[in-house]
Amino acid sequence: MARPRIKDVARRAGVSEKTVSNVINDYAHVSERTRAAVREAIDELGYRVNLAGRHLRRGRTGIIALVVPELDIPYFADLATLIITEAERNAMTVLVHQTREDRRRELAALEGFGSDFAEGLILSPLTLTGTDLRDRPGAPPTVLLGERVRPGQADHVAIDNERAAREATVHLLELGRRRIRVVGGREGTEPGTAEVRSAGHRAALEAAGLPWDPAVLLRVENFRALDGALAVRRLLDSGEQPDGLLCLNDQLALGAMRELHDRGLRVPEDVAVVGFDDVEGGRFSVPSLTTVAPDKHAVARVALELLMVRIAERDARSAGTPPQERVVAHRLLVRESTAGAGSRA
């Protein structure tokens, strides 16, 4: 069966094609009776707006690109779903691309993949520098996610990761935990989520009058469950036994809890565990995982809002406003991996 066209809707509703177009574009001067008749005809025929044709008539593609390190990491999968939903509300289509922490892929994305098919870009970079972000003439409008960026280089959306890690550490300290290790922790001058969260942990210890030792940072090669398990395995094999773990994402935390279980250590009685990201697996693990939950809906919504403004400014050849730094909310969700742990001071 041929796909219904706008003239088929007009014939069914008994109106002109122009009137159907006015209803589709939600023009105010159409009467409610006519609007209802057109919408009924659209539903009966199963008519769908040809977005590609609409965008081409306006000299646009209607495509934006979402570029993340790894799509099979649950946080980025959740975020991709939310951004796609927000884009659909703006009649945009999302192309999803993963970089695997490859600098060449991130640079290619930043330059628009060498073509004009993507009108804008939402990018979570891990290797880009300030120079990369400044020197990009003709590149598509870009909104950055995460921490691998300095203020003023591009529109940027993130939670306050330093504050979030402080709050998570304070939670562990209030349980009386003193031998806390940071799974995935890193020190360094280069900005990055791990470095910022590690700094938040250190700030919480210093505010509590406790000594700081870089040895509490357990580096990992990747941020997957296996890496969390291996980090805890190495720690226990060295003869150390922590009483608290701050894991810099939920995948690390889930792997860490599995290794603790296999070694006969109870969570939270022996070791209290906190993660980051509030992914689905942590809600259903046994015990369920205490985690820092970013407002992922807000990340998606704000990123799309900023990007659509930049695309409109480009289309209007407007000078535009300075890059914006937007911080969205987070909260600590206390679940079984710390709840009921009691004081161990």
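This is a tour of a predicted model, stop by stop, with what to select at each one.

**The whole chain**

Start with the whole protein chain, coloured by secondary structure. It contains 13 helices and 12 strands. Of its 345 residues, 50% count as buried. Switch on the surface if you like: about 17,200 Å² is exposed, and carbon and sulfur atoms supply 49% of that area. Much of the contact map lies far from the diagonal: among contacts between residues at least 6 apart in sequence, 71% join residues at least 24 apart.

**The open sheet**

Next, select strands β1, β2, β3, β4, β5 and β11. These six strands form an open sheet with parallel pairing, and the order across it is β2-β1-β3-β4-β5-β11. Which strands stand at the edges? They are β2 (93-98) and β11 (325-328); each has a single partner strand, so one side of each lacks a neighbour in the sheet. Looking across the sheet, the twist from one strand to the next averages 20°.

Now zoom in on the β11 edge. Strand β5 (residues 155-159) runs parallel to β11 and is joined to it by four bridges. To find the register, pick H156, which stands opposite E325 in β11.

Add helix α6 (residues 103-110) to the selection. This helix packs on the sheet and touches β1 (63-68), β2, β3 (120-123) and β4 (142-145). The direction of α6 makes about 145° with that of β3.

**Salt bridges to helix α13**

Show the charged side chains. In general, side chains of opposite charge can pair when their charged atoms come close. A search of the whole structure finds 27 salt bridges; the next stops visit some of them.

Select E119 and R314. Their side chains meet in a salt bridge, at 3.4 Å from N to O. E119 is in the loop between α6 and β3, and R314 is in helix α13 (residues 296-315), so this pair ties together parts that are 195 residues apart in sequence. Is each partner buried or exposed? E119 counts as buried because its relative accessibility is 3%, while R314, at 36%, counts as partly exposed.

Stay on helix α13 and select R310 together with D155. The side chains of these two residues form a salt bridge with an N to O distance of 2.5 Å. D155 belongs to strand β5 and R310 to α13, so the pair ties together parts 155 residues apart in sequence. Both D155 and R310 are buried.

**Another pair and a network**

Move to R283 and D278. They form a salt bridge in which the closest N and O atoms are 3.2 Å apart. R283 counts as partly exposed at 38% relative accessibility, whereas D278 is buried, with a relative accessible area of 12%.

Then select E70, D72, R100 and R224 together. Salt bridges that share partners join these four residues into one network.

**Two crossing helices**

For the last stop, select helix α2 (residues 17-24) and helix α3 (residues 32-45). Their axes come within 10 Å and cross at roughly 90°, which makes α2 roughly perpendicular to α3. Show side chains here to see what lies between the two helices. On the α2 side, the residues in contact are T19, V20, V23 and I24; they meet T34, R35, V38, R39 and I42 in α3.

Notes:
Residues are numbered from 1 along each chain as its sequence is written. This is a predicted model: local features need pLDDT of at least 70, side-chain atom pairs count only at pLDDT 80 or more; totals for chains, interfaces and linings use all residues. Side-chain values use heavy atoms; hydrogens and water are left out. Buried means under 20% relative accessible area, exposed over 50%, partly exposed in between (1.4 Å probe, protein chains only). Contact means heavy atoms within 4.5 Å. Accessible areas come from the Shrake-Rupley method with a 1.4 Å probe; for residues, only the protein chains shown count as cover. Two strands pair if DSSP finds at least two bridges between them. Axes are lines fitted to C-alpha atoms, for helices over the stretch in contact, and angles run from 0 to 180 degrees between N-to-C directions. Angles under 35 degrees count as roughly parallel, over 145 as roughly antiparallel, 65 to 115 as roughly perpendicular and the rest as oblique.
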